[in-house]
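Hi everyone, thanks for making room for me today. I'd like to walk you through one structure, so let me put it up on the screen.

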Amino acid sequence: MKKFPDLAPEIYASYVAFSKAILQDGHLTRKEKEIIAVAVSHSTECPYCIDFHTKKAKKHGASLEELFEAVMVTAALEAGGAYAHRIHMHNSYEDKNNEALYSRVNLHNLNELTDLSTEVLHTTKAFFAAAAKAGKLTAKLKQLISVAVAHTTECPYCIESHTKKAKNEGSSKEELAEAIMVAALLRSGGAVTHATNMVKAYQEE
């Protein structure tokens, strides 16, 4: 990555400034932002980001237990997106023509589906509830993580549901916006750090 400033000086300097601005203390603390970053990096599946932000989170006071809870929130959101989007499988299977693909009525219809066994449905909902419950992390921070991850998985149902839950836990619009921008940074950061592989491949030819 030391080569990056020489490859595109102005753009790279702009990216560095963007990164620093997002991670500084604001409505959310640096520790909270780094915990969110670790959670989101497990959704973007960037090993460089996981390594970098885990070390930064530790430096700013995050415990391993807090970080693992954050990762489990990500796991629940990843599962939740698939869980919610199966409504589209049902609509397609039943040949339902719906111009509004992400209609809010889908969330209501989701609760009426009977495609899952009692055991699967029970354990799924129990997992979602356990992941959201306050533990080493507050319920509020877990919902902020959920909203950030939902913007990474691009699940509109998850965004709506967890934004409302975050608001109910006392999150402000400013805190939500900062959490979302951490997700934005991690998405761009994954692309930037993986450019190391591109540089290496180019130099090998």
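**A walk from one histidine outwards**

Let's begin with H162, which you'll find in helix α9, the helix that runs over residues 156–168. One thing to keep in mind as we go: this is a predicted model.

Is H162 buried or exposed? Its relative accessibility is 14%, and the cut-off for buried is under 20%, so H162 counts as buried. And what does H162 touch, once we set aside the neighbours within four places in sequence? Its contacts are L77, Q143, S146 and V147.

Now to the empty space. As a quick reminder, rolling a probe the size of a water molecule over the atoms shows where empty space is left. Here, the largest pocket has a volume of about 510 Å³. How many residues line that pocket? The lining has 21 residues, and H162 is among those nearest the pocket centre, together with Y83, F128, S161 and K165.

Which helices build this lining? At least two residues each come from α5 (64–93), α6 (105–110), α7 (118–132), α8 and α9. The largest share belongs to α5, which gives six residues.

Let me pick up two of those central residues. Y83 has a charged partner: the charged end of R86 sits over the Y83 ring, 4.5 Å from the ring centre. F128, for its part, is partly exposed, because its relative accessibility is 23%.

That brings me to the rings. How many aromatic pairs are there? The count is five. One of them joins F4 and Y12, and this pair is edge-to-face, with 5.9 Å from centre to centre and 75° between the planes. Both partners are on the buried side of the cut-off: F4 has a relative accessible area of 8%, and Y12 has one of 19%. Since buried means under 20%, the 19% of Y12 still earns the label.

Another pair takes us back to F128. F127 and F128 form a tilted pair, 6.1 Å centre to centre, with 35° between the planes. F127 is partly exposed, at a relative accessible area of 30%, and F128 is partly exposed as well, at 23%. Returning to F4 and Y12 for a moment, these two belong to one aromatic cluster that also takes in Y15 and F18.

Next stop, helix α8. I145 is found there, in the run of residues 139–153. Its relative accessibility is 0%, so I145 counts as buried. Which residues does I145 contact beyond four places in sequence? They are I35, I36, A39, A70, V73 and L137. If you want to relate I145 to the pocket residue we just met, I145 and F128 are 17 residues apart in sequence and 14 Å apart in space, C-alpha to C-alpha.

Over in helix α3, residues 30–44, we have S41. S41 is also buried, with a relative accessible area of 0%. Leaving out the neighbours within four places, S41 is in contact with C46, C49, I50 and L186.

Two cysteines in that list may make you wonder about sulfur bridges. How many disulfides does a search of the whole structure find? The search returns zero. While we are on cysteines, C155 is buried, with a relative accessible area of 2%, and C158 is buried at 6%.

Finally, a backbone detail for anyone who likes Ramachandran plots. Where do we see a positive phi in a residue other than glycine? One place is E45, with phi near 60°. E45 lies in the loop between α3 and α4 (47–59), and it is exposed, with a relative accessible area of 62%. E154 has a positive phi too, near 60°. E154 sits in the loop between α8 and α9 and is exposed, at a relative accessible area of 51%. The cut-off for exposed is over 50%, so E154 makes it into that class.

To finish where we started: H162 is buried in terms of accessibility, and H162 is also one of the residues nearest the centre of the largest pocket. Thanks for listening, and I'm happy to go back to any of these spots on the screen.

Notes:
Residues numbered from 1 in each chain as written. Predicted model: local features only at pLDDT ≥ 70, side-chain atom pairs only at ≥ 80, totals over all residues. Heavy atoms only, no water. Helix = DSSP H or I, 4+ residues; strand = E, 2+ residues; numbered from the N terminus. Buried < 20%, exposed > 50% of the residue type's maximum accessible area, 1.4 Å probe, protein only. Contact = heavy atoms within 4.5 Å. Phe/Tyr/Trp six-rings, centres within 6.5 Å; stacked < 30°, edge-to-face > 60°. Lys NZ or Arg CZ within 6 Å of the ring centre and 35° of its normal. Disulfide = S-S within 2.5 Å. 1 Å grid on protein atoms, 1.4 Å probe; cavity = no way out; pocket = protein on both sides within 12 Å on 5 of 7 lines; lining within 4 Å. Points joined across faces, edges and corners; volume = space filled by probe spheres on them.
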